[in-house]
Amino acid sequence: MKLGIVGLPNVGKSTLFNAITKAGAESANYPFCTIEPNVGVVSVPDERLDRLTEIFGSEKKLPTAIEFFDIAGLVKGASKGEGLGNKFLSHIREVESIVHVVRCFEDENVTHVEGNIDPLRDVEIIDLELILSDLEIMSKRLSKTEKLVKTDKSLSKELKIIQRIVESLEEGIPIRMLDFDKEDEAFVKGLNLLSKKPVLYAANISEEDIINKNENEHLLKLKDHAKKEGSGIITICGKIESEIAELEDDEKEMFLEELGIEQSGLDRLIKASYELLGLISFLTAGPKESRAWTIKKGSKAPEAAGKIHTDMEKGFIRAEIVSFKDLNETASMIKAKEQGLVRLEGKEYIMQDGDVVIFRFNV
């Protein structure tokens, strides 16, 4: 999974990136500090793997991972090449989802590229640049398809979808806010439009606000906006996340407990990203390794097997499945089988989060 961290200059993007990846991206109080996207790979925390490693005596523990791309700050006119706009927009095109960092704290010592704090204006600036970039591409596609449909009537449906997309973009509506049926959705997804990508807003708030669970006016405005467009939102504090990043694992829990914070920003960011993209994890375990695999919610057993190896999907016979909850309680695959908790599932089985699986296949 690839997530692109975007936002206006100086909203806390690189600070957040550094904190969650420990990758050491440069962070400074001036625009365009980031030019090429910094990339950090983060293991997805999963306590279930610790337990499976214990039960099976696994030599290795392999969590799934997320790639974070720290994409330089966009500015007005990016779609027309302002700042380093064209390069930035091409970087966004490579990711599956956008983490949009929005500044929701006041601090006279940290400059804002627009002069003052206004989260809705900041969101609109980014959205507009993505929309304008999509509009330029889709207007050309529309013109071309209108000519082709005169000799190829099979393109009529495609033309209607493109017309709808262009109309929406002209009205300033991101394509992620439009609903399509399953067949049309597949076509739209193939267009790889910037404004179609799911968005998770990361509201960067002050240390005081996050500790006191205070929702300031800036945050409330952003939450209302996210709700209206069906996007996800989490709160983070760049300063606190930076401090957490410097601690050892055992110290992190104590630090969070002292602050009265249940989860780090990274944990909440990962959880929210999974929900936004409709992802779940299934698990495999044995003496050699315990491992987590990420799949789309609603995936059938053969698709999940294909995540491990394409031969397993092609030659799929059945899956032996036990829920992590049941395996955790019995602490033994043998006992789980004795108690009838291990099920044999076929090709139509819909995978569930936390399924512990052994795939049977023939090549």
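Modeller: Helices and strands here are DSSP runs, at least four residues for a helix and at least two for a strand, numbered from the N terminus. The model is predicted.

Biologist: Which of these elements supply at least two residues each to the lining of the second largest pocket?

Modeller: H6, H11, strand E9 (289–296) and helix H12 (301–308) do. H6 gives the largest share, 5 residues. The pocket has a volume of about 1,000 Å³. Its lining counts 36 residues, and Glu96, Lys189, Pro198, Leu277 and Lys296 lie nearest the centre.

Biologist: What makes a residue part of a lining?

Modeller: It must have an atom within 4 Å of a pocket point. For the largest pocket, 37 residues line the space, with Ser43, Val44, Pro45, Asp46 and Asp267 nearest its centre. H11 supplies the largest share of that lining, 6 residues. The volume is about 1,300 Å³.

Biologist: How do the residues of that lining divide by class?

Modeller: There are 16 nonpolar, 5 polar and 16 charged residues. Asp counts as charged, so Asp46 and Asp267 fall in that class.

Biologist: Why is the contact between Arg176 and Asp127 called a salt bridge?

Modeller: The N to O distance is 3.1 Å. The cut-off is within 4 Å, between a side-chain nitrogen of Lys or Arg and a carboxyl oxygen of Asp or Glu, so the pair qualifies. Arg176 sits in the loop between helix H5 (156–170) and helix H6 (182–190), while Asp127 is in helix H4 (residues 119–148), so the pair links distant parts of the chain, 49 residues apart.

Biologist: What makes Asp127 buried?

Modeller: Its relative accessible area is 10%. Buried means under 20%, so Asp127 passes. Arg176 passes too, because its value is 14%.

Biologist: How do you know that Glu229 forms a salt bridge with Arg176?

Modeller: The closest N and O atoms are 3.2 Å apart. That lies within 4 Å, so the rule is met. Glu229 is in helix H8 (residues 217–229) and Arg176 in the loop between H5 and H6, so this pair ties together parts 53 residues apart in sequence. Glu229 is buried, because 10% is under 20%.

Biologist: Why is Glu289 called partly exposed?

Modeller: Its relative accessibility is 24%. Partly exposed runs between the buried cut-off of 20% and the exposed cut-off of 50%, so the term fits. Arg291, at 28%, is partly exposed by that rule. Glu289 and Arg291 form a salt bridge, with the closest N and O atoms 3.9 Å apart. Elsewhere, salt bridges with shared partners join Asp46, Arg48 and Asp353 into one network.

Biologist: How many salt bridges does this rule give?

Modeller: The count is 21.

Conventions
Residues are numbered from 1 along each chain as its sequence is written. This is a predicted model: local features need pLDDT of at least 70, side-chain atom pairs count only at pLDDT 80 or more; totals for chains, interfaces and linings use all residues. Side-chain values use heavy atoms; hydrogens and water are left out. Buried means under 20% relative accessible area, exposed over 50%, partly exposed in between (1.4 Å probe, protein chains only). On a 1 Å grid over the protein atoms alone, a cavity is a set of points where a 1.4 Å probe fits but cannot get out, and a pocket is an open set with protein on both sides within 12 Å along at least five of seven lines; lining residues have an atom within 4 Å of a point. Grid points are joined across faces, edges and corners, and a volume is the space filled by probe spheres set on the points.
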